[in-house]
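This report examines a single protein–ligand model in terms of its local geometry. The sequence and the structure are shown first, and the discussion follows.

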Amino acid sequence: MLDGRIYNFSAGPSMLPEPVLLKVQQELLNCGGSGMSVLEMSHRSKVFDDIINEAVQDVKDVLNVPDNYKILFLHGGASGMFAAIPMNLGGRSGSADYIVSGNFSGQALKEAKKYLKDARNAGSSEADHFNHIPRQDELTLNPDADYVHVCWNNTIFGTTYKYIPDTGNVPLVADMSSSIMSEPVDVSKFAMIYAGVQKNLAPAGLALVIIREDLLGHEMGITPKIWNFKTEAEKNSMLNTPATFQIYMVKMVIDYLKEQGGLEAMKRRNIEKARILYDYLDSQDFYKTSVNPADRSMMNVTFRTGDDELDKEFVAGQAAHGFSNLKGHRLVGGMRASIYNAMPKEGVEALVEYMKEFAAAH
Ligand SMILES: *Cc1c(COP(=O)(O)O)cnc(C)c1O
């Protein structure tokens, strides 16, 4: 890491790869020979048109997206999609099933209830404080629903799906905000994948949407124009001025991921990083992690000492060790280390050293 930079364990916005930041800095005054910054550039220009087309192609390339899917870049982040999804996909029967595995899936359900007459909680691990992902046999799915919604990686609780729920013929929609591009995904198993880009791809404010074409065109009349998936697909996400800098950053980050060996390489590295932390957690009893081992997230690792005062002391000591953002989410307490693609292995090793030191001192 460059001098003066620290290991930032933030859940989002979070670390971006340094080589990308340096390249962006280099291009900031003159992007693509245009004599201007991407920040100053018309979204109708040839240079920007190339940028958005490359960003779309990059997403398709790294995720092996089948030809019958569209890539959209929409305003409002993942939470915007919590509203846009029922409006766009729930217009037929007005019924949708939500699997509630944590805070964000609960929020998505709450938003859907505003627009659908029958947005159902189809299975939840809330009674167990979201310490696991609901299993297939814990779900009661409606075979006539317009779609089933899941949150793939639970950023706050530190759990993730290791199986793809069987929804029969009902389209499966997944919020992959905190796991997108961390490993390969079989896109064909999902009708729609979406993500707020600030966890693993770019600055905040943008939603990346990957959607199967047959889902387009069933929106409700009240759907805001800028969130009409069909129109946005026809307009290459440029119905109005898109989030140009974020889209440019998505392209830059994915170009870098490709150079690094793509998502297979990311997966290998992410498994290795997560293993360093979980192996340590499993080897001792000073820190506890309440997550079901089979559902552990590779991206967000939650742990606690069991003593709130000690947790506070642990978090207070982070800056002196060159870390930030290790405090757990207010709903969970304790600590959380978010270790997305851009977190180097050395950062995780340094964190485990600090954990050992702190445990020995207490
Ligand atoms: C961060 C996050 C969100 C919220 O994203 P916004 O872009 O802030 O709306 C939603 N879902 C998941 C899984 C997240 O990690």
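Which atom of the ligand is 2.5 Å from an N or O atom in the side chain of Thr155? In this predicted model, the partner of the Thr155 side chain at that distance is an oxygen atom of the ligand.

## Ligand environment

Two further short polar distances accompany the one to Thr155. The side chain of Asp175 places a polar atom 2.6 Å from a nitrogen atom of the ligand. For Gln198, the distance from an N or O atom of the side chain to a ligand oxygen atom is 2.9 Å. Of the 390 Å² of accessible area that the ligand has on its own, the protein covers 85%.

The shell around the ligand comprises 13 residues, of which the closest are Ser79, Thr155, Asp175, Gln198 and Lys199. By character, the shell divides into seven polar, four nonpolar and two charged residues. Helix α3, spanning residues 77-89, supplies the largest share of this shell, with four residues.

## Helix α3 and Met87

Helix α3 also contains Met87. Is Met87 buried or exposed? With a relative accessible area of 4%, Met87 is buried, because the threshold for that class is under 20%. Beyond its neighbours within four places in sequence, Met87 is in contact with Tyr115, His218, Glu219, Met220, Ile222, Thr223 and Pro224. The C-alpha atoms of Met87 and Asp118 are 13 Å apart, with a sequence separation of 31 residues.

Pro224, one of the contacts of Met87, belongs to the loop between β10 (206-212) and α5 (229-234). Pro224 has a relative accessibility of 31% and therefore counts as partly exposed. Its C-alpha atom is 9.8 Å from that of Asn88, although the two residues are 136 positions apart in sequence.

## Helix α1 and its buried face

Helix α1 covers residues 18-27, and its buried residues are Glu18, Val20 and Val24. Viewed down the helix axis, these buried residues fall within an arc of 160°, so they line one face of α1. An α-helix has 3.6 residues a turn, so residues three or four places apart point the same way. Gln25 and Gln26 are exposed on the other side of α1. The cover over the buried residues includes helix α6 (244-259).

Which side chain forms a polar contact of 2.9 Å with that of Glu18? The partner is the side chain of Arg5. Glu18 itself has a relative accessibility of 16% and so counts as buried. Leaving aside neighbours within four places in sequence, Glu18 is in contact with Met1, Leu2 and Arg5.

## Ser125 in the loop after β4

Ser125 is located in the loop between β4 (118-124) and β5 (147-151). Its relative accessibility is 0%, and Ser125 therefore counts as buried. The side chain of Ser125 reaches the backbone oxygen of His132 at a distance of 2.8 Å.

Excluding neighbours within four places in sequence, the residues in contact with Ser125 are Val100, Ser101, Phe130, Asn131, His132 and Pro134. His132 thus appears both in this contact list and as the backbone partner of the Ser125 side chain.

## Backbone features in loops

The peptide bond from Gly12 to Pro13 is cis, with omega near -10°. Pro13 lies in the loop between β1 (7-8) and α1.

Two residues that are not glycine have a positive phi: Asn64, at about 50°, and Met181, at about 70°. Asn64 is placed in the loop between α2 (46-63) and β2 (69-75), whereas Met181 is found in the loop between β8 (172-175) and β9 (192-196). How do they stand in terms of burial? Asn64 counts as exposed, because its relative accessibility is 67%. Met181, by contrast, has a relative accessibility of 1% and so counts as buried.

Key
Residues numbered from 1 in each chain as written. Predicted model: local features only at pLDDT ≥ 70, side-chain atom pairs only at ≥ 80, totals over all residues. Heavy atoms only, no water. Helix = DSSP H or I, 4+ residues; strand = E, 2+ residues; numbered from the N terminus. Buried < 20%, exposed > 50% of the residue type's maximum accessible area, 1.4 Å probe, protein only. Polar contact = N/O pair within 3.5 Å; in protein donor to acceptor, adjacent residues only side chain to side chain. Contact = heavy atoms within 4.5 Å. Arc of directions from axis to C-beta. Near = heavy atom within 4 Å. Areas by Shrake-Rupley, 256 points an atom, 1.4 Å probe, with all protein chains shown as cover. Nonpolar A, V, L, I, M, F, W, Y, C, P; charged D, E, K, R; others polar.
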